[in-house]
Amino acid sequence: MKILKGYTKKLHHLEACIVERYIAEEVIEFCSEYIEKAKLVGLPESWHDDRLGGKGSRGLHVITQSVEHLLQAHLYVLNNSNEVLPYILQHEGLVKESNPKMSKNWVLKKHNKTFFDWFKDTIFADENASKTLRKLTDGPKRNVITWQGYDINKSSFYTKAQDEKSTMQNNGVTLRAESQHFVSVHDDNPCVAFIPYFGFIEEIWELNYVKFIVCVFKCKWVDSNTDMRINDVGFTLVDLKKLAYQNDPFIMVKRSK
């Protein structure tokens, strides 16, 4: 409101002055998008512009995580690494070949249980394996750096605990992922679909693989099978008290929105 008041130059035509100045700034801003290296007129520059790669912003702590939770995060990193993808497909094929009479649902569960040990042995025996793959087989360090705030892709993310101290809410995340849905344990023809998932950030971890660091959000996800609706203005409404998918709490920071 203070900015709009500053637009008034003639006391007899307050509304006209505000509209005229506002439209002028909108036009200049629109045109500046087509001019290389032009600066916006009348608007402050974003302080996120230099934080595309990811950087912790507040609440740094070093915590020794449990082996169970650390392995859960590590398996998520493996399953979402482009360099590991060929090995995932190879292992799924081997499990299916060794168990031709089992359903696809059974094969997928068996793959998830045995992949890490198989992957580790495979990379260890491969002299041509990259340094990245070798570090992934070693797994991250037990001491994990955690943050209460993280800036990436010109956006700020906070944990739910941090947001409780602020009037701004930046702990919500959404993910559109490809999922296989089985009707039953004997179903051999799963339905593959892109499903939107909604949740909030509980913790922010930096997994240290010595040669590189992978940042992940540990989230609590809303049950997508419960009441989810879109209101009159296009916002998706979910019930944050109805949670699910507790075995898959992690998401790569670069994939979050």
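**Close-up views of a predicted model**

**View 1. Helix H5 meets helix H6.** The axes of H5 and helix H6 (residues 131-138) approach within 9 Å and cross at roughly 140°. That angle makes H5 oblique to H6, since only values over 145 degrees would count as roughly antiparallel. As for its hand, the crossing of H5 and H6 is left-handed. Please keep in mind, here and in the views that follow, that this is a predicted model.

**View 2. Helix H4 meets helix H5.** Stepping back along the chain, we come to helix H4 (residues 85-98) and helix H5 (residues 104-125), whose axes come within 9 Å and cross at roughly 120°. H4 and H5 are therefore oblique to each other. The crossing of H4 and H5 is right-handed, whereas that of H5 and H6 is left-handed.

**View 3. Trp106 and Lys96.** Let us stay with helix H5 for a moment, as Trp106 lies in it. How far apart are the C-alpha atoms of Trp106 and Lys96? They are separated by 9.3 Å, with the two residues 10 residues apart along the chain. Is Trp106 buried, partly exposed or exposed? With a relative accessible area of 31%, Trp106 is partly exposed.

**View 4. The salt bridge between Lys220 and Glu202.** Searching the whole structure turns up one salt bridge. Here the side chains of Lys220 and Glu202 meet, at 3.6 Å from N to O. Lys220 belongs to strand E8 (residues 213-222) and Glu202 to strand E7 (residues 191-208), so the pair ties together parts that lie 18 residues apart in sequence. How open to the surroundings are the two partners? Lys220 is partly exposed, at a relative accessible area of 34%. Glu202 is partly exposed too, and its relative accessible area is 32%.

**View 5. A nonpolar patch on the surface.** Which residues make the nonpolar surface patch of about 370 Å²? The contributors are Val19, Tyr22, Ile23 and Val27. A good residue to look for is Val27, which lies in helix H2 (residues 14-32). Val27 is partly exposed, having a relative accessible area of 43%. That value lets Val27 take part in a patch, because patch residues need over 30% relative accessible area.

Methods: Residues are numbered from 1 along each chain as its sequence is written. This is a predicted model: local features need pLDDT of at least 70, side-chain atom pairs count only at pLDDT 80 or more; totals for chains, interfaces and linings use all residues. Side-chain values use heavy atoms; hydrogens and water are left out. Patches are made of residues with over 30% relative accessible area and no salt bridge: like charges are joined within 9 Å, nonpolar side chains (Val, Leu, Ile, Met, Phe, Trp, Tyr) within 5 Å. Accessible areas come from the Shrake-Rupley method with a 1.4 Å probe; for residues, only the protein chains shown count as cover. A salt bridge is a side-chain nitrogen of Lys or Arg within 4 Å of a carboxyl oxygen of Asp or Glu. Helices (H or I, at least four residues) and strands (E, at least two) are DSSP runs, numbered from the N terminus. Buried means under 20% relative accessible area, exposed over 50%, partly exposed in between (1.4 Å probe, protein chains only). Axes are lines fitted to C-alpha atoms, for helices over the stretch in contact, and angles run from 0 to 180 degrees between N-to-C directions. Angles under 35 degrees count as roughly parallel, over 145 as roughly antiparallel, 65 to 115 as roughly perpendicular and the rest as oblique. A crossing is left-handed if the near helix is turned anticlockwise from the far one by less than a right angle, and right-handed if clockwise.
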